[in-house]
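Q: I'm new to this one and would love a close look at a single part of it. Could you pick a spot and walk me through what surrounds it?

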Amino acid sequence: MPRLVHKVVPVVTRVRDSGIQLLVFNHPQERQQIVKGTLEPEEDLEDAALRELAEESGITEAIITHQIGDLAFEHKGEHQHWHFFKVEAQVELPERWEYYADEDGGMWFKLFWQDIDQPLDTPWPEVFDRSRLFIREWLTATEEDS
């Protein structure tokens, strides 16, 4: 039986004329993806989401505004439980930037904004596209409620 791993997903979005955009990045070993990471032992989910955001994007000034929900996946031989949080950066973010992440011996991540209604030009791994659709559905429902 695969081991259970908890992941956190800090969801950063912005609104443009084209619609809602989601912060994503090019991972040099795994193609394009959303910011996410593993919950550490004894770590609070919200603290982990903000930590992962800082570690993978360099965004250190941010707050969690909502808990979006959870999804479960079988991914990389593990049963993964992903916890999604809506996060607002407290600083202006550029169109694109690069950030040196210390994970896996260090690598450069290229961050950019992606229209949430459009899959990326290169195929996302299924877990990321399913996550994009899950986030879009929550954002759409939240807009309708306001």
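A: Let's start with arginine 51 and what it touches. Setting aside neighbours within four places in sequence, arginine 51 is in contact with Thr38, Leu39, Glu40 and Glu43. Keep in mind that this is a predicted model. Arginine 51 belongs to helix 1, which covers residues 45-57. Its relative accessibility is 17%, and because buried means under 20%, arginine 51 counts as buried. Proline 10 is 41 residues away from arginine 51 in sequence, yet in space the two are 9.2 Å apart, C-alpha to C-alpha.

Now for the side chain. The side chain of arginine 51 makes a polar contact of 2.7 Å with the side chain of glutamate 43, and another, of 2.8 Å, with the side chain of glutamate 52. The pairing with glutamate 43 is also a salt bridge, at 2.7 Å from N to O. Glutamate 43 is buried, just as arginine 51 is.

How many salt bridges does a search of the whole structure find? It finds eight. One of them joins the side chains of glutamate 78 and arginine 3, at 2.9 Å from N to O. Glutamate 78 sits in strand 6 (residues 78-89) and arginine 3 in the segment before strand 1, so this pair ties together parts that are 75 residues apart in sequence. The two ends have opposite settings: glutamate 78 is buried, with a relative accessible area of 14%, while arginine 3 counts as exposed at 56%.

Another salt bridge links aspartate 129 and arginine 132, with the closest N and O atoms 2.8 Å apart. Here both partners lie in helix 2 (residues 126-145), three residues apart, or about one turn of the helix. Aspartate 129 counts as partly exposed at 22% relative accessibility, whereas arginine 132 is buried at 4%. Back at our starting point, salt bridges that share partners join Glu40, Glu43, Arg51, Glu52 and Glu55 into one network.

For some wider context, have a look at strand 2, and at glutamine 21 within it. Strand 2 spans residues 19-27, and glutamine 21 lies in it. Glutamine 21 is buried, with a relative accessible area of 10%. Its side chain makes a polar contact of 2.6 Å with the side chain of arginine 14, and one of 3.1 Å with the side chain of aspartate 115. Not counting residues up to four places away in sequence, glutamine 21 touches several others, including Val12, Thr13, Trp113 and Ile116.

What about the strand as a whole? Seven of the nine residues of strand 2 are buried, so the strand is largely enclosed by the rest of the structure. Strand 2 pairs with strand 1 (residues 4-16) in the antiparallel sense over four bridges, and in that pairing isoleucine 20 is the bridge partner of valine 15. A hairpin of two residues connects strand 1 to strand 2. Strand 2 also pairs antiparallel with strand 8 (residues 107-115), over six bridges, where leucine 23 has tryptophan 113 as its bridge partner. Strand 3 (residues 31-34) is another antiparallel partner of strand 2, joined by four bridges. There, histidine 27 stands opposite arginine 31, and three residues lie between strand 2 and strand 3 in the hairpin they form.

Definitions and conventions: Residues are numbered from 1 along each chain as its sequence is written. This is a predicted model: local features need pLDDT of at least 70, side-chain atom pairs count only at pLDDT 80 or more; totals for chains, interfaces and linings use all residues. Side-chain values use heavy atoms; hydrogens and water are left out. Buried means under 20% relative accessible area, exposed over 50%, partly exposed in between (1.4 Å probe, protein chains only). Contact means heavy atoms within 4.5 Å. A polar contact is a pair of N or O atoms within 3.5 Å; within protein, one must be able to donate a hydrogen and the other to accept it, and residues adjacent in sequence count only if both atoms are side-chain atoms. Two strands pair if DSSP finds at least two bridges between them. A salt bridge is a side-chain nitrogen of Lys or Arg within 4 Å of a carboxyl oxygen of Asp or Glu.
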